[in-house]
Structures are given as C-alpha cells and as structure tokens.
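Biologist: Could you take a close look at one residue in this model for me, and follow its surroundings outward into the core? I'd enjoy a connected walk-through with the cut-offs spelled out.

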Amino acid sequence: MNPPSMDRGDLALVLAIRDAGSLAGAADTLGVVPSVVTKRLGALEARLGQRLFDRTTRRLSVTTEGEAMCVHARSLLDGFAALESELGERQNELAGTIRLAATFGFGRRWLGPSLASFQARHPGVRIELMLTEQLPDLGAESYDGAVWLWAVQQRHAADWVSRRIARNQRVLAASPAYLERRGMPATVEALASHDCLVARENGDPSQRQHALWTLRHARDGGTARARVQGPLASNSGEMVRDWCLAGHGVMLRSLWDIAPQLATGELVRVLPQYAMPEADIHWVAPWRPKTPRRVRLLVDHLAEQFRGEPWKPGKAGAR
C-alpha cells in the first residue's frame, strides 16, 4: 500500500487554519470560499486517516497530530521558498526584497550609505531599512536580519544566527572645556564624582537614577565598574553627544559615532586605556534552512565595508 501523499497546498492549508483559528478565517487568508477549505480539509484528513482539527459549531482546536504537522509544515514551506528564491537568483541577476533593521545612529551614518552602494550594484534588489532602538522579533516580524551592536541575546540563541561584521569600542570622552573646568579623572572610580552623561537608548528603568559602566583595560584585560550619574540624561545618543561637545560632562560612546570629533580635538579620550567590552557590530538573523543568496551577498558586502573599521581616527573613510 502506498503511503498517503501531501502537497505544498496541503501544508499551507493546515497552517492557515491553525493560524486563523477558524475555517472561515483560513478561507480569507487563502482567498477562497469557506466551502473549499472544508472540502479540502476533509479530503486531506481522509487520505491521512488522521483528524487534524477538532471542530464544533462554536470552536475549532488543533489536535496533537495536527500540531505535529504544523511544526513540520512551516519548515518545509520555508524550504520551498528558499529553494525557489535561490533557483531564481541563479538564473537571473539578484532580485527580491531584503528587509532589515538597525539602530538610528549607526543606520544613518554608516549602514545607509553601504546599503545604497550594494543596491546600486544590484539594481534588481529592493532594500527596506527600519531604524529603531528596540531590536524587533525578527522572525515574527518577517525581517531578513538586523545590524546591531551586540550578538544574539540568550532568549533568541536557539532561533537566531549571528555574525560579527565589525569590531567597535565604546570609549569615554569629554570636551577640552569640561576637562579644564573639572580635571581629568585619574581612575575609573573617580568617574563617580564627575558629571556623566547617560544615554538610555534601550529604556532600562533600573538605571533612571544611576548607570553602571563596565570597562575593560586594554592591556591586561581586567574590568572595572563605575556607578555614575549626572544632571543630564537622554534616550537619544545624539543628544548626549551634543551635550558632551558643549562641555556638560563625560560620556561613554561608540568610536563609530565620535571618531571625527576625536580626530579634530573637539573631544578628548578620558581614561584611554579603558573601553567598554562587547560593543562590536553584528549581523543577527532568524535561523533559516537556506538563506537567500541576495541576503548572503549583502552580509558579505557589509563585512567587507566595515572590516577595516573606517570610523577609526585617521581612516580615509571616516565621516
């Protein structure tokens, strides 16, 4: 006896019913009338000899067998889509949409121009960039990936992949006017007595009164912590940078953001032997059985663009 057969449409049907929670809702999703969904589901269950959904006049619920099928259906459909995309790209020039997220500052200053150069090289590709200070749920919100200032968080470790595309440091800086007025801190602990400008870009409520800065020594790798505060704080890193330039205090900021001001002397490194660890720039993405070629090539492009850390003082590409 031959085993019961299923096709791609069967997988999409079952997922649509489970996700919509009703046969009528699935019909709307699939663009058919409800009677078609009822008929196709009945025929599928008859072929399988399994009931995939328990349904009454008032409610519909997925059975254990139905849930097992849905788990496999999602990965199989993703595989179909990835295969079709790859085959299409092999036959033609790169084409399709890449949807990604990034933080406002790095996205505007560095990522945007790099994406534009990639798109100019591959005119069949369409890029959608969402700038945000909160990392989205990439898989649930249909992003291809994000360029972010840290690697995969623990709660996403099993579902996301990560690749470092550039090294970066967060360093302490202040204006010459502030340092002339208040003096150069001699130790990390001395920061507690200075006006420190805190950027709360991720809205952490535990740091409304103070911020904990963890710094690593460049030579011996030792860490030091300072609990700092000051009269000015903002959820905008650019605002904090502007306050620092105006002489209002010491800030902790990424090199990619303040390299030009360090090069001109508008800002001065404070405790230059220290920097904040784990500030590298990463590509993070939901796990897929096959990543589209256009996405793979974009990540390679970004890694090549940023490998030399063009924001470092003295680099020709710093801006």
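Modeller: Happy to! Let's start at Ala101, which is buried, with a relative accessible area of 0%; buried means under 20%, exposed over 50% and partly exposed in between, using a 1.4 Å probe and protein chains only. Bear in mind that this is a predicted model, where local features need pLDDT of at least 70, side-chain atom pairs count only at pLDDT 80 or more, and totals for chains, interfaces and linings use all residues. Residues are numbered from 1 along each chain as its sequence is written, and side-chain values use heavy atoms, leaving out hydrogens and water.

Ala101 sits in strand β3; strands (E, at least two residues) and helices (H or I, at least four) are DSSP runs numbered from the N terminus. Leu131 is 30 residues away along the chain, yet its C-alpha atom is 5.8 Å from that of Ala101. Beyond four places in sequence, Ala101 has contacts (heavy atoms within 4.5 Å) that include Leu129, Met130, Thr132, Pro136 and Val147.

Val147 is a handy stepping stone: leaving aside neighbours within four places, its contacts include Ala101, Phe106, Ile165, Ile281 and Leu302. Val147 is also among the residues with the most contacts inside the largest nonpolar core, as are Phe106, Ile165, Ile281 and Trp311. That core has 38 residues, a nonpolar core being a set of buried Ala, Val, Leu, Ile, Met, Phe, Trp, Tyr and Cys residues joined through side-chain atoms within 4.5 Å. Elements giving two or more residues to this core include β3 (96-102), α5 (104-121) and α9 (293-306), and α9 supplies the largest share, six residues.
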